[in-house]
Amino acid sequence: MKKIGLFYATKAERTSWVAEKIQKEFGKEKIETVPIEQAWQNDFAAYDCFIVGASTWFDGELPTYWDELLPELRTMKLKGKKVAIFGLGDQIRYPENFADGIGLLAEVFEEDEATLVGFTSSEGYTFERSKALRGEQWCGLVVDLDNQSEQAEKKIKAWCQQLKKEFA
């Protein structure tokens, strides 16, 4: 199996919860955690595949720890690398920019010539707009712990099974 890095904010409680479930599904020995608060460009270069995660803040923004790293990421060429993105959002309170953080990260990795994997169905969500949509699919895993927490673990498990095939 290829070398996989799991990049997320270890200080963000909900994002960490999802990341820990992902790591458990893959097996701790098959995936390495990289705290995004301490990540640098060379941390990304060390992996064949990335799983990156972020919540969406306020009116569709990325958290500040990602904002600080994005200029550095925009200078990378990631052709041949696979990237899967997970994110959190609240479709009831923020329907006009639901899970935009996933879409914002996807744009950066696409510009860097990485291959996005891990697309999931947008069925079952109620929202107005999202930058995370590509056609009728999310460009990653969307988790709404505020309104669909009972579905979270099942979605994470299915997504990880999908990624194991797509990363192969």
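**Exercise 1.** Is R134 buried, partly exposed or exposed, and what is its relative accessible area?

*Solution.* A quick note before we dig in: the model is predicted. Start with the number: R134 has a relative accessible area of 25%. Now bring in the cut-offs: buried means under 20% and exposed means over 50%, with partly exposed in between. So R134 lands in the partly exposed class.

**Exercise 2.** Find the salt-bridge partner of R134 and work out which elements the pair ties together.

*Solution.* First, the partner: R134 forms a salt bridge with E110, and the closest N and O atoms are 3.2 Å apart. That fits the cut-off, which asks for a nitrogen within 4 Å of a carboxyl oxygen. Next, place both ends. E110 sits in helix α4 (residues 100-111) and R134 in strand β7, so the bridge ties together parts that are 24 residues apart in sequence. Finally, check the cover on the acid: E110 is partly exposed, at 36% relative accessible area.

**Exercise 3.** Strand β7 belongs to a sheet; give the strand order and say which strands are at the edges.

*Solution.* Step one is the order: three strands form an open sheet, β6-β8-β7, with antiparallel pairing. Step two, the edges: β6 (120-121) and β7 (133-134) each pair on one side only. Step three, zoom in on one pairing: β6 and β8 (residues 137-138) run antiparallel to each other and share two bridges. Within that pairing, S121 faces Q137 of β8.

**Exercise 4.** How many salt bridges are there, and which one links helix α5 to helix α1?

*Solution.* The count is five salt bridges. For the helix link, look at K157 and E25, whose closest N and O atoms are 3.7 Å apart. K157 is in helix α5 (residues 149-167) and E25 in helix α1 (residues 13-26), which puts these distant parts of the chain 132 residues apart. Now the surface check: K157 is partly exposed at 47%, and E25 is also partly exposed, at 22%.

Another of the bridges joins R129 and E128, with an N to O distance of 4.0 Å. Here E128 has 54% relative accessibility, so E128 counts as exposed.

**Exercise 5.** Which residues make up the patch of negative charge on the surface, and how exposed is E68?

*Solution.* List the members: D59, E61, D67 and E68 gather there. Then locate one of them: E68 is part of helix α3 (residues 64-73). Last, apply the cut-off: E68 has 65% relative accessibility, so E68 counts as exposed.

Terms used. Residues numbered from 1 in each chain as written. Predicted model: local features only at pLDDT ≥ 70, side-chain atom pairs only at ≥ 80, totals over all residues. Heavy atoms only, no water. Pairing = 2+ DSSP bridges. Helix = DSSP H or I, 4+ residues; strand = E, 2+ residues; numbered from the N terminus. Patch = residues over 30% accessible without salt bridge, like charges linked within 9 Å, V, L, I, M, F, W, Y side chains within 5 Å. Areas by Shrake-Rupley, 256 points an atom, 1.4 Å probe, with all protein chains shown as cover. Salt bridge = Lys/Arg side-chain N within 4 Å of Asp/Glu carboxyl O. Lys, Arg positive; Asp, Glu negative; His and termini not counted. Charge placed at Lys NZ, Arg CZ, Asp CG, Glu CD. Buried < 20%, exposed > 50% of the residue type's maximum accessible area, 1.4 Å probe, protein only.
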